[in-house]
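User: I'm trying to learn how labels get put on parts of a protein structure. Can you walk me through the reasoning?

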Amino acid sequence: MKKKRYIPDGDPKLKLWMQTFKTNIALKAATLGLAPAEVTELQNWCDDIISKINDVSVAKAAYKQSVSDKNGQRKISVDGITNKATGIKTLVTYTPGIGNDLGIIGEDDGFDPLTFKTKLKAIIYTDHVVIEFMKDQTDGINIYSRMKGAADWAFLALDTQSPYIDNRPLQTPGKPETREYMGIGVINDQQLPLHSEIISVVFGG
């Protein structure tokens with residue numbers, strides 16, 4: 001019977017496998033007749049990939065925190081400036097020219113809820129998929145997903161700030177899957193008529 005590949009695909013399992021191999025290769029070296037230099041080389045390979053896996057975990061955590069920090073500060077800064085600009089426009093010395101120089105006069109947006117279609121972009125990480133989306137003047141975007149070939153869409157979330165992070169694990173551990181994503185704008189709790197183009201990613205877990 002054909003054996004499965006013994007090296008795990010997912011990073012958490014690979015890290016555990018490397019840690020076990022590193023420990024046991026030292027214990028079995030004499031029995032196998034391996035020279036100390038060979039054992040050191042094998043263990044160094046284990047240490048190197050474990051270190052890189054740890055680096056990815058730290059980077060992902062930092063990315064998530066950075067997005068959260070940015071979104072929080074965006075609200076504080078934008079709300080503060082918007083409120084102040086409202087007051088500036090009531091001053092007797094205010095003119096439209098000053099408003100243009102400060103960039104506090106909005107352009108005609110041409111936004112039409114009936115024709116609005118959000119745009120999605122996917123970024124694939126080891127254990128999650130980041131979905132960036134265009135919100136425009138909607139209250140948020142309903143994010144949907146399905147396995148490629150499936151007929152029905154599963155609702156994931158109404159997200160009011162890009163990006164959406166899909167942390168769902170693989171349906172079958174260790175088996176990569178092709179996921180499709182689609183987004184629909186929402187205003188006043190009502191979905192708009194048009195959905196985004198469907199994007200497809202291969203997620204390996």
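User: Why is Arg179 called buried?

Analyst: Keep in mind that this is a predicted model. Buried means a relative accessible area under 20%. Arg179 comes out at 0%, so it counts as buried. You'll find Arg179 in strand β6, which covers residues 177–187.

User: What makes the link between Arg179 and the side chain of Glu177 a polar contact?

Analyst: Two N or O atoms have to lie within 3.5 Å, with one able to donate a hydrogen and the other able to accept it. The side chains of Arg179 and Glu177 pair up at 2.9 Å, so the distance passes the cut-off. The side chain of Arg179 also reaches the backbone oxygen of Pro169, at 3.2 Å.

User: Which residues is Arg179 in contact with, leaving aside its neighbours within four places in sequence?

Analyst: Here contact means heavy atoms within 4.5 Å. Among the residues in contact with Arg179 are Val129, Ser145, Asp166, Pro169, Ile199 and Phe203.

User: Thr118 sits in a loop, right? Is it buried or exposed?

Analyst: Thr118 is in the loop between α3 (96–102) and β1 (120–124). Its relative accessible area is 3%, and the limit for buried is under 20%, so Thr118 is buried. A polar atom of its side chain lies 2.6 Å from the backbone oxygen of Met134. Beyond its neighbours within four places in sequence, Thr118 is in contact with residues including Phe133, Met134, Ile141 and Ser196.

User: What does the exposed label look like, say for Tyr6 and Asn100?

Analyst: For that label the value must be over 50%. Tyr6 has 63% relative accessibility, so it counts as exposed. Asn100 has 53%, so it is exposed too. Tyr6 belongs to the segment before α1, while Asn100 lies in helix α3.

User: How far apart in space are Asn100 and Lys70?

Analyst: They are 27 Å apart, C-alpha to C-alpha, with their positions 30 residues apart in sequence. For Tyr6 and Val201, the C-alpha atoms are separated by 26 Å, and those two are 195 residues apart along the chain.

User: How do you know that the length of α2 agrees with what a helix should span?

Analyst: Count 1.5 Å a residue and the 53 residues of α2 should span 78 Å. The C-alpha atoms at its ends are 75 Å apart, so the two values agree. The buried residues of α2 include Val39, Cys46, Ile50, Lys60 and Asn71. What do they pack against? The answer is α1, residues 11–32.

User: What makes the bond between Ser162 and Pro163 stand out?

Analyst: It is a cis peptide bond, with omega at about 5°. Most peptide bonds are trans. Pro163 is in the loop between β4 (154–159) and β5 (164–166).

User: Which sign does phi have at Asp136 and Asn188?

Analyst: Positive: phi is about 55° at Asp136, although Asp136 is not a glycine. Asn188, also not a glycine, has a positive phi of about 55° as well. Most residues other than glycine have a negative phi.

User: Why is Asp136 called partly exposed, and what about Asn188?

Analyst: Asp136 is at 44%, and partly exposed is what falls between the buried cut-off of 20% and the exposed cut-off of 50%, so that label applies. Asn188 has 61%, which is over 50%, so Asn188 is exposed. Asp136 is in the loop between β2 (129–133) and β3 (140–147), whereas Asn188 is in the loop between β6 and β7 (190–195).

User: How many residues line the second largest pocket?

Analyst: There are 13, and Asp136 is one of those nearest its centre, along with Arg74, Lys135, Thr160 and Gln161. The pocket holds about 240 Å³ of space. Helix α2 supplies the largest share of its lining, six residues. By class, that lining has two nonpolar, five polar and six charged residues.

User: And how much space lies in the largest pocket?

Analyst: About 380 Å³. It is lined by 19 residues, and the closest to its centre are Asp9, Gly10, Lys13, Pro173 and Gly174. Its lining divides into seven nonpolar, six polar and six charged residues.

Key: Residues numbered from 1 in each chain as written. Predicted model: local features only at pLDDT ≥ 70, side-chain atom pairs only at ≥ 80, totals over all residues. Heavy atoms only, no water. 1 Å grid on protein atoms, 1.4 Å probe; cavity = no way out; pocket = protein on both sides within 12 Å on 5 of 7 lines; lining within 4 Å. Points joined across faces, edges and corners; volume = space filled by probe spheres on them. Nonpolar A, V, L, I, M, F, W, Y, C, P; charged D, E, K, R; others polar. Helix = DSSP H or I, 4+ residues; strand = E, 2+ residues; numbered from the N terminus. Buried < 20%, exposed > 50% of the residue type's maximum accessible area, 1.4 Å probe, protein only. Expected span 1.5 Å × (residues − 1).
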